[in-house]
Amino acid sequence: MKKFATLLCLGTALALPSLAPAREVTFTTTLKDYRGDGAYLALYLTDPQGRYQGTLWVAGGKSKYYRHLRDWARGSRLQRGEYDGLTGASVGSGRTLRVTVDLADALIDAGYQVRVDTAVEDGRDNRADVVAPLTAGQAGEPVAGRGYVETLSYDL
Amino acid sequence: MKRTALALAALTTALASGIAAADQGCDAAAENRQSREALRQQLETRGWSVDEIEREDGCYEVEGVDPSGRSVEAYFAPDTLRLVAREEDEDDDEDDDDEGALAAPAGDAQPSNGLVKARPSVSIQ
């Protein structure tokens with residue numbers, strides 16, 4: 001019963017976000033000083049198995065390059081509705097991207113993960129460059145990336 | 001394909017206004033050329049976000065977003081790093097048609113994916 005209630009809450013949060021209690025969450029992604037072209041990033045949520053749940057932000061002005069954000073592209077199927085209103089400029093080497101969104105409370109401590117895919121022209125495509133569990137306990141704790149991302153952290 | 005068209009448009013514009021590309025300095029001698037990194041730093045200092053810099057007909061071709069938020073392709077002289085020509089990049093979807101019918105992002109639209117309720121507050125520093 002408790003499990004059913006939890007699932008109901010999560011379903012409500014995803015299906016009817018305007019009705020669910022929400023909190024402001026700031027995601028901070030700092031890139032390494034890789035000295036290349038601006039990086040394309042996809043910031044998104046997955047379930048614990050890595051299955052795509054939704055897009056938080058896509059950095060990069062040309063959608064023709066979005067396919068290089070490989071896991072995100074596969075999960076979102078590059079459907080415009082998944083990223084409309086959630087796109088902006090690419091992020092330069094050594095720079096820090098801060099994205100503040102209102103997220104449903106039910107998404108915190110519910111097994112979700114925040115992930116960042118990265119890609120750079122003439123560089124590498126990094127699936128899940130960095131992965132962090134979306135929990136209250138993880139807030140404020142930077143997680144190191146394995147590609148172009150130096151660290152990812154978030155504040156609740 | 002679009003890149004070629006834009007380059008032609010930009011250079012044609014320069015030529016049509018009576019200014020040959022060579023006169024702009026895009027034929028600079030190798031020893032006078034500045035690096036792409038120098039151009040990138042100059043532009044980022046001025047508030048640009050640079051996606052890529054390539055050589056095009058002797059000029060540096062820059063794809064990126066200018067300080068006013070417009071996606072542009074711009075051409076710079078490699079020695080002086082002065083702006084030679086620019087094209088606003090308003091038709092990304094033409095390229096996307098070439099590469100798989102992916103729609104251009106609607107950056108000003110309200111999010112509709114069910115996860116994010118309103119356009120996020122974003123900064124790059």
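This is a short dialogue on reading a buried acidic residue, A:Asp117, in a predicted model.

Me: Before we zoom in, how many helices and strands does chain A have, and how do they run?

Reply: Chain A has three helices and nine strands. Going from the N terminus, the order is α-β-β-β-α-α-β-β-β-β-β-β.

Me: And what share of chain A is buried?

Reply: Of its 156 residues, 55% are buried. On the outside, chain A exposes about 6700 Å², with carbon and sulfur atoms supplying 49% of that area.

Me: How do I read contacts by sequence separation?

Reply: Take the contacts with a separation of 6 or more, then ask what part joins residues 24 or more positions apart; in chain A that part is 65%.

Me: Now to our residue. Where is A:Asp117 found?

Reply: Look at strand E6 of chain A, which covers residues 113–119.

Me: Is A:Asp117 buried or exposed, and which side chain of opposite charge is nearest?

Reply: A:Asp117 is buried. The nearest side chain of opposite charge belongs to A:Arg115, 6.4 Å away. A salt bridge needs the charged atoms within 4 Å, so A:Asp117 has none.

Me: Which backbone nitrogens does the side chain of A:Asp117 reach?

Reply: There are two to look at here: the backbone nitrogen of A:Ala128 at 2.7 Å, and that of A:Asp71 at 3.0 Å.

Me: Which residues does A:Asp117 touch, leaving out those up to four places away in sequence?

Reply: Among them are A:Tyr40, A:Leu41, A:Ala42 and A:Tyr44. The list also includes A:Leu69, A:Arg70, A:Asp71 and A:Trp72, as well as A:Asn126, A:Arg127, A:Ala128 and A:Asp129. Notice that A:Asp71 and A:Ala128, whose backbone nitrogens the side chain reaches, appear there too.

Technical notes: Residues are numbered from 1 along each chain as its sequence is written. Chains are lettered from A and ligands numbered from 1 in the order in which they are written. This is a predicted model: local features need pLDDT of at least 70, side-chain atom pairs count only at pLDDT 80 or more; totals for chains, interfaces and linings use all residues. Side-chain values use heavy atoms; hydrogens and water are left out. Helices (H or I, at least four residues) and strands (E, at least two) are DSSP runs, numbered from the N terminus. Buried means under 20% relative accessible area, exposed over 50%, partly exposed in between (1.4 Å probe, protein chains only). Lys and Arg count as positive and Asp and Glu as negative; His and the chain ends are not counted. A polar contact is a pair of N or O atoms within 3.5 Å; within protein, one must be able to donate a hydrogen and the other to accept it, and residues adjacent in sequence count only if both atoms are side-chain atoms. Contact means heavy atoms within 4.5 Å. Accessible areas come from the Shrake-Rupley method with a 1.4 Å probe; for residues, only the protein chains shown count as cover.
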